[in-house]
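The questions below ask how certain labels come to be applied, and each answer sets a value against a rule.

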Amino acid sequence: MKVIYEKPKVFTDSVTTYCGGCGHGIVGKLIGELIDEMGLQENGIMVWPIGCSCLSDRYYDMDMMMALHGRAPAAATGIKRADPSKFVMVYQGDGDLVSEGMAEIMHAGIRGEKFSVIFINNAIYGMTGAQMAPTTLMGQTASTAPAPTGRCEDNSGYPVKMAEILAMLPGVCYSERVTVNTPARINQCKKALKHAFELQLQGKGMGFVEVLSPCPTGWGMSAVKALDWIDEKMTEVYPLGVIKDTEKEDK
């Protein structure tokens, strides 16, 4: 029988702990495919956060470490500077990167640290009880922003657009926002991740990929509805597309 698809060789046999319909598993699969395709397993180091993906060191057979809340870019800075030949990937959610770790990601971008950042934006704290995150939409409900108002500007300000903010920094060479709610967009997500990885291998500055990810459990809706909600609500606030790519700008 002809093999059509098999799991990436970098994956272990561990079963993920992600909720049904969550986007983390899709992005994780794409990362695994790229590690195999680009030969990154032996010379790569992944830095994981506190959050829904905190057990990811069980899923990949390669060097990994988990940083404290928000500190993944700081840990990655030390790794990359200690051995610039290493491929270093940072993976963070919105609570970890934008709330607890805003200083770390901003200063890593300001310094132009040469590693790749994958940012999962599901507009809520997924692991700890669906609290409001810095990326929560206006009017969106959360356990700390209940109905009827949901998030309101008087108390909580406005959603943070990290792909646009980081794109303004000269040390960030690439910033793109993608999503994983359709097959075509999953393919585009993989292309964006690959481009960020390639830029790092070329010795460029920070590559940043923001992924709008469904969180049916935190949003209190079905997995199918969560996919639709990304188009109906999230992309209006967080438009998809390339925001900065210095490689193309230089050509």
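Q: What makes residues of α9 count as buried, and which are they?
A: Buried means under 20% relative accessible area, exposed means over 50%, and partly exposed lies in between, with a 1.4 Å probe and protein chains only. In α9, the residues that count as buried are Ala-226, Trp-229, Ile-230, Met-234 and Thr-235. The model is a predicted one, in which local features need pLDDT of at least 70 and side-chain atom pairs count only at pLDDT 80 or more, while totals for chains, interfaces and linings use all residues. Residues are numbered from 1 along each chain as its sequence is written, and side-chain values use heavy atoms, with hydrogens and water left out.

Q: Against which elements do the buried residues of α9 pack?
A: With contact taken as heavy atoms within 4.5 Å, the buried residues of α9 pack against the strands β4 (116–121), β5 (172–179) and β6 (206–212), and against helix α8 (216–219). Helices (H or I, at least four residues) and strands (E, at least two) are DSSP runs, numbered from the N terminus.

Q: How do you know whether the span of helix α9 agrees with its number of residues?
A: The expected span of a helix is 1.5 Å times one less than its number of residues. Helix α9 has 15 residues (223–237) and should therefore span 21 Å, and its end C-alpha atoms are 21 Å apart, which agrees.

Q: Where is the kink in α9 centred, and how is a bend defined?
A: The bend at a residue is the angle between axes fitted to the seven residues ending there and the seven starting there. In α9 there is a kink of about 40 degrees, centred on Trp-229, a residue listed among the buried ones of this helix.

Q: Why is the contact between Arg-185 and Asp-231 called a salt bridge?
A: A salt bridge is a side-chain nitrogen of Lys or Arg within 4 Å of a carboxyl oxygen of Asp or Glu; the side chains of Arg-185 and Asp-231 meet at 2.4 Å, N to O, and so satisfy the rule. Because Arg-185 lies in helix α7 (residues 183–201) and Asp-231 in helix α9, the pair ties together parts that are 46 residues apart in sequence. Arg-185 is partly exposed at 27% relative accessibility, and Asp-231 is partly exposed at 35%.

Q: What makes Glu-33 and Lys-29 a salt bridge, and how are they placed in helix α1?
A: The N to O distance between their side chains is 2.9 Å, and because Glu-33 and Lys-29 are four residues apart in helix α1 (residues 24–38), about one helical turn separates them. Glu-33 counts as buried at 10% relative accessibility, whereas Lys-29 counts as partly exposed at 30%. Both belong to a network of salt bridges that links Lys-29, Glu-33, Glu-37 and Lys-190. By this rule the count comes to twelve salt bridges.

Q: How do you know whether Cys-19 is in a disulfide?
A: A disulfide is a pair of cysteine sulfur atoms within 2.5 Å, and the structure holds zero of them. For Cys-19 the nearest cysteine sulfur, that of Cys-22, is 6.5 Å away, and Cys-19 is in no disulfide. Cys-189 is likewise in no disulfide, its nearest cysteine sulfur, that of Cys-22, being 13 Å away.

Q: Why are Cys-19 and Cys-189 called buried, partly exposed or exposed?
A: Cys-19 counts as partly exposed because its relative accessibility is 44%, whereas Cys-189 is buried, with a relative accessible area of 0%.
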